[in-house]
Amino acid sequence: MPDVPASMPDPRSPMSIDVDQLVELAAEIERHRHLLRSAAEGYRWRVAQRVEYLDPPDRDMRLAHAERLIEALMIDPVRHNDLDLDAYRAVRDGAPIEFDAERRTYVLHRPGRDPLPIRPGLPEHRLGVIARLAGLGLRLEQIQVVALTTVQAVAPPQPPATTPQVNRGTTKSSRRLGQTSQQERKHHAEN
């Protein structure tokens, strides 16, 4: 088969790989792992203490699960190869970020540069929060809870088709019926 030149270069081709970006990503991956190292070691130790007396298959399963949970908090060089490192660093380092309610995104205002949008729920935000919490010394269980809540990319809320009608008083029809029957019983008892 003859070689046909592609209209676009193959992204896996060594010619199209930005080596500086890969080196920068590798440095951030190492720093992220360093920040989480203490929390991960403490978590491994606590899990090992809890499963010490289990049967070997159960113990191995729980230890493997703990490793998967730890790995889920790390930057993966394949999955996160297009990670916006500026946004990640801004969240990790606690830069003054404002929330733009109209666009439903965080915005980092940088002097002399365009504002940097940081969407909640995207890897930059989630991984930055994880690294920030690890840097503050939180336990891995606490970091996992926050990571689970920040991973949820929130869809924009849809406004209701009509304005809901709110009436004062109880909202359950059974209570309203119960009140009227009680009132009728009182009325019959008085007569």
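Trainee: Among the contacts in the chain with a separation of 6 or more, what percentage comes from residues 24 or more positions apart?

Mentor: This is a predicted model, and a contact here requires heavy atoms within 4.5 Å. Taking the contacts with a separation of 6 or more, the share that joins residues 24 or more positions apart is 61%.

Trainee: In what order do the helices and strands follow one another from the N terminus on?

Mentor: The chain holds 6 helices and 3 strands. Reading from the N terminus on, the order of these elements is α-α-α-β-β-β-α-α-α.

Trainee: Where is the kink in helix α1 centred?

Mentor: Helix α1 covers residues 19-51, and a kink of about 45° is found in this helix. The residue on which that kink is centred is Arg37.

Trainee: Against which helices do the buried residues of α1 pack?

Mentor: A residue counts as buried when its relative accessible area is under 20%, and the buried residues of α1 include Leu25, Ile29, Leu36 and Val47. Following the contacts of the buried residues of α1 leads to four partners, which are α2 (56-72), α3, α4 (123-135) and α5 (140-150).

Trainee: How is α1 oriented against α5, roughly parallel or roughly perpendicular?

Mentor: In general, two packed helices are described by the angle between their axes and the distance between the axes. For α1 and α5 the axes lie 8 Å apart and the angle is about 110°. Since angles from 65 to 115 degrees belong to one class, α1 and α5 are therefore roughly perpendicular.

Trainee: Which residues in α5 are met by residues of α1?

Mentor: On the α1 side, the residues taking part are Leu36, Ala39, Ala40, Tyr43, Arg46 and Arg50. Of these, Tyr43 and Arg46 are among the buried residues of α1. On the α5 side, the residues they meet are Leu140, Glu141, Ile143 and Gln144.

Trainee: Is Ser38 buried or exposed?

Mentor: Ser38 is found in helix α1, and its C-alpha atom is 8.7 Å from that of Arg139, although the two are 101 residues apart in sequence. The relative accessible area of Ser38 is 58%. Because a value over 50% is required for that class, Ser38 counts as exposed.

Trainee: Which strands stand at the edges of the sheet?

Mentor: The sheet is an open one of 3 strands with antiparallel pairing, and its order is β1-β2-β3. A strand with a single partner has one side left without a neighbour in the sheet, so the edge strands are β1 and β3 (116-118).

Trainee: What angle does the direction of helix α3 make with that of β3?

Mentor: Neighbouring strands of this sheet are turned by 35° against each other on average, direction ignored. Helix α3, made of residues 85-93, packs on this sheet and touches β1, β2 and β3. Its direction makes an angle with that of β3 of about 70°.

Trainee: In β2, which residue is the bridge partner of Phe99?

Mentor: Strands β1 and β2 run antiparallel and are joined by 4 bridges. Following the bridge from Phe99 into β2 leads to Tyr106.

Trainee: What is the phi of Arg104?

Mentor: Arg104 lies in the loop between β1 (97-100) and β2 (105-108), and these two strands form a hairpin with 4 residues between them. With 39% relative accessibility, Arg104 counts as partly exposed. Most residues other than glycine have a negative phi. Arg104, by contrast, has a positive phi, with a value near 55°.

Terms used: Residues numbered from 1 in each chain as written. Predicted model: local features only at pLDDT ≥ 70, side-chain atom pairs only at ≥ 80, totals over all residues. Heavy atoms only, no water. Buried < 20%, exposed > 50% of the residue type's maximum accessible area, 1.4 Å probe, protein only. Pairing = 2+ DSSP bridges. Axes fitted to C-alpha atoms, helices over the stretch in contact; angles between N-to-C directions. Bend = angle between axes of the 7 residues up to and from the residue. Parallel < 35°, antiparallel > 145°, perpendicular 65-115°, else oblique.
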